[in-house]
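Here is a small set of exercises to work through with the structure open beside you. Try each task before reading on.

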Amino acid sequence: MDPDTVKSTLSNLAFGGVMAAAARDYQKEILAKEKAQTSAPVNEEIDLDELMDTLLAHVLQDPELEKLHADRIAALKKEVEKREALKRQGHGEYREINEGDFLGEVTRSEKVICHFYHKEFYRCKIMDKHLKALAPRHMDTKFIKLDAENAPFFVAKLGVKTLPCVVLFRKGVAMDRLVGFQDLGAKDDFSTKTLENLLIKKGFLSEKKEDEDDNEGEYREDTRRSVRSSVNIDSDSD
């Protein structure tokens, strides 16, 4: 196979996927050469692992490709370290906190979404389900909940009068809020995607890339069904 062709292909595609494709092309070329040298059909299988090792050894001799590989590894390592740091701050899950922890939680992270709720209110349970679904998808934002009955000081300080109330904090400062379901169509059966889009529009969630959504499945519809089937419809919401 022409080395220039291999180099050009690898430079224009993601490193990992190209290695597998190049190995398959290399295998086809070898099989074709063997078939041309003998009249008997070629039925022997070639070890792809061995081909990959050979091709990798050849490719890594190229300084540009070696740098591409090193940069990719460095970026992945940096991303892992960032995620671990965020997890230590309580990101990646939807957690309940108490009033004593409130100030520390909202000031230690750049973006915080706090749900003031009542455990008996039907609409608070709906909001819970959607926020729980969003928390692991948006590591950059912290998701917490606070029982309004057990946090009278901050309920009064923030002027929380209608539940559910989702207050959006940036660097410890309350910047915006969602009161009831007014901004969500004023209906109980809104989807997780609807809430996600609203929070993206308000600047408290980052828009997901298409490749990040490839393995999400049909979480939005599943979440909406689980919300409607798991809450008590007889509960109050105000």
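Which residue just after α8 takes a positive phi?

**Exercise 1. Look at helix α8 and what follows.**

Solution. Keep in mind that this is a predicted model.
- Step 1: Go to the end of α8, which spans residues 192-201. Just after α8 you will find Gly-203, with a positive phi of about 85 degrees.
- Step 2: Check burial along the helix. Thr-192, Leu-195, Glu-196, Leu-198, Leu-199 and Ile-200 are buried in α8.
- Step 3: Think about spacing. An α-helix has 3.6 residues a turn, so residues three or four places apart point the same way. Pairs such as Leu-195 and Leu-199 can be looked up among the buried residues of α8.

**Exercise 2. Work out the strand order of the sheet and find its edges.**

Solution.
- Step 1: The open sheet has 5 strands, in the order β1-β3-β2-β4-β5, with mixed pairing. The edge strands are β1 and β5 (173-179), each of which pairs on one side only. From one strand to the next, the twist averages 25 degrees.
- Step 2: Take the parallel pairings. Strand β1 (residues 94-97) runs parallel to β3 and is joined to it by 4 bridges; here Arg-95 has Ile-144 as its bridge partner in β3. Strands β2 and β3 also run parallel, with 6 bridges between them, and Tyr-117 has Asp-147 as its partner in β3.
- Step 3: Take the antiparallel pairing. Strand β4 (residues 165-170) pairs with β5 in the antiparallel sense over 6 bridges, and the partner of Phe-169 in β5 is Ala-174.

**Exercise 3. Describe the surroundings of strand β3: are its faces covered or open?**

Solution.
- Step 1: Count the buried residues. In β3 (residues 142-147), 6 of the 6 residues are buried.
- Step 2: Split them by side. Lys-142, Ile-144 and Leu-146 are buried on one side, and Phe-143, Lys-145 and Asp-147 on the other, so both faces are covered, with buried meaning under 20% relative accessible area.
- Step 3: Add the helix. Together, β2, helix α6 (residues 122-134) and β3 make a right-handed β-α-β unit. Helix α6 lies across β1, β2, β3 and β4, and runs at about 155 degrees to β2.
- Step 4: Look at one side chain of β3. The charged end of Lys-145 sits over the ring of Tyr-117, 4.4 Å from its centre.

**Exercise 4. Trace the aromatic contacts around Phe-102.**

Solution.
- Step 1: The whole structure holds 5 aromatic pairs. One of them joins Phe-102 and Phe-116, a tilted pair at 6.0 Å centre to centre with 55 degrees between the planes.
- Step 2: Place the two partners. Phe-102 is in helix α5 (residues 102-107) and Phe-116 in strand β2 (residues 111-117), so this pair links distant parts of the chain, 14 residues apart.
- Step 3: Check burial. Phe-102 counts as buried at 2% relative accessibility, and Phe-116 is buried at 0%.
- Step 4: Turn to Phe-154. Its ring centre is 4.5 Å from that of Phe-102 and the planes are at 45 degrees, so the pair is tilted. Since Phe-154 lies in helix α7 (residues 152-157), the pair ties α5 to α7 across 52 residues of sequence. Both Phe-102 and Phe-154 are buried.
- Step 5: Assemble the group. Phe-102, Phe-116, Phe-153, Phe-154 and Phe-169 form one aromatic cluster.

Methods:
Residues numbered from 1 in each chain as written. Predicted model: local features only at pLDDT ≥ 70, side-chain atom pairs only at ≥ 80, totals over all residues. Heavy atoms only, no water. Phe/Tyr/Trp six-rings, centres within 6.5 Å; stacked < 30°, edge-to-face > 60°. Helix = DSSP H or I, 4+ residues; strand = E, 2+ residues; numbered from the N terminus. Buried < 20%, exposed > 50% of the residue type's maximum accessible area, 1.4 Å probe, protein only. Lys NZ or Arg CZ within 6 Å of the ring centre and 35° of its normal. Pairing = 2+ DSSP bridges. Right-handed = clockwise from strand over helix to strand, strands pointing away. Axes fitted to C-alpha atoms, helices over the stretch in contact; angles between N-to-C directions. Contact = heavy atoms within 4.5 Å.
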